[in-house]
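Please open the structure in your viewer and keep the selection panel at hand. The stops below proceed from one element to another, with a note on what is to be found at each.

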Amino acid sequence: MTSIKLKKHLWLVALFLLALPLFCWLQWQPKAWFDNQLAANGLAGKLSYADVGKSFPGFKLSGANITLPDGKTIACDEIILRPAFSALLHGEQGLFVRARTEGINLESVVAMQDGKLKLSDVTIIADASKLTRFDSRLLLLGLQGEMALKGHALLQATNGLPLDGDVNLLWNKPSSTLLTAGMDSIEVNLAASETQGAKEWSWQIGGQPEIISGKGKIMSGGMDIRQWQLHGSLRTAKDKPELVLSGTLGAPHWQ
């Protein structure tokens, strides 16, 4: 009889422990908490939103606008923020982020690490034609097709400067005024490594069929990414000679 009562009490304790977080979440007022977090981290003027609501076990922002370090703004129809349990297992305080806007979906686990922004398990699926929302100059390129980016990155929290990372971009059914028609896919890989104490980024590009190919290095230096040195070679068609790339990311040269 004592054993039966003990099991009943243990069941009640377990039920209470499971119900308590849900009760706290139901009583939680996410708007006040989130606004305080933005103010405490100096982000009050960098992220605005039209509405905030609960999305178990976190919350959802609607009509959000994010101001980037360069002054440009990214508009998102919806952003969902939830505790990142995978980050907690590594002793980090992180958030699972899911953002959606017209033709573009993003997911990542975001954590702070010594004043740096750590982006893990990054997945971005985008309709290439919708990228013009971020830079109207892309209209000249006539981008079409679906882009899928996966990887991880480490950014300087204050200015978004990339410090480390490894990302892979697959562009299916690519189409642009700069590309040969009829390609099935283009794949680009960008990875960082240390070389004699300096950060070096290796890049590689290939296509199916083998129309476009290339590889090279980017030497990071300074806060302006446009001034980073570019080296490598690129072939834009199988029957054409390789182009030698040099200069900077902001002003590349090829011959």
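**First stop: helix H2**

Select helix H2, residues 30–40, in which Pro30, Phe34 and Leu38 are buried. These three lie on the same side of H2, because they cover an arc of only 65° around the axis; the arc is taken from the directions from the helix axis to the C-beta atoms. Buried means under 20% relative accessible area, exposed over 50%, and partly exposed in between, with a 1.4 Å probe and protein chains only. Helices (H or I, at least four residues) and strands (E, at least two) are DSSP runs, numbered from the N terminus.

Turn to the other side of H2, where Asn36, Ala39 and Ala40 are exposed. Then display strands S1 (47–48), S2 (51–55), S3 (58–67) and S4 (73–83), which are included in what covers the buried residues of H2.

The model is a predicted one, in which local features need pLDDT of at least 70 and side-chain atom pairs count only at pLDDT 80 or more, while totals for chains, interfaces and linings use all residues. Residues are numbered from 1 along each chain as its sequence is written, and side-chain values use heavy atoms, with hydrogens and water left out.

**The whole chain**

Zoom out to the chain, which contains 3 helices and 15 strands. Of its 255 residues, 28% are buried. Its accessible surface is about 16,100 Å², with 61% belonging to carbon and sulfur atoms; these areas come from the Shrake-Rupley method with a 1.4 Å probe, and for residues only the protein chains shown count as cover.

**Ser108 in strand S6**

Next, select Ser108, which is located in strand S6, residues 104–113. Is Ser108 buried or exposed? Its relative accessibility is 6%, so Ser108 counts as buried. Beyond residues up to four places away in sequence, Ser108 touches Leu95, Phe96, Val97, Leu119, Ser120, Asp121 and Val122, a contact being heavy atoms within 4.5 Å. A polar atom of the Ser108 side chain lies 3.1 Å from the backbone oxygen of Ser120.

**Strand S12 and its partners**

Select strand S12, residues 213–219, and show its side chains. In a regular strand the side chains alternate between the two faces of the sheet. Along S12, Gly214, Gly216 and Ile218 point to one face and are buried, whereas Ser213, Lys215, Lys217 and Met219 point to the other and are not.

Add strand S11, residues 198–208, which runs antiparallel to S12 and is joined to S12 by 7 bridges; two strands pair if DSSP finds at least two bridges between them. A hairpin of 4 residues connects S11 to S12. Trp201 stands opposite Ile218 of S12.

Remain in S11 and select Glu200, which is buried with a relative accessible area of 11%. The side chains of Glu200 and Lys217 make a polar contact at 3.4 Å. Such a contact is a pair of N or O atoms within 3.5 Å; within protein, one must be able to donate a hydrogen and the other to accept it, and residues adjacent in sequence count only if both atoms are side-chain atoms.

Now add strand S13, residues 229–235, which pairs with S12 in the antiparallel sense over 7 bridges. Gly214 has Leu234 of S13 as its bridge partner, and Gly216 stands opposite Gly232. Finally, show strand S14, residues 243–247, which pairs antiparallel with S13 over 3 bridges. Here Gly232 stands opposite Leu245 of S14.
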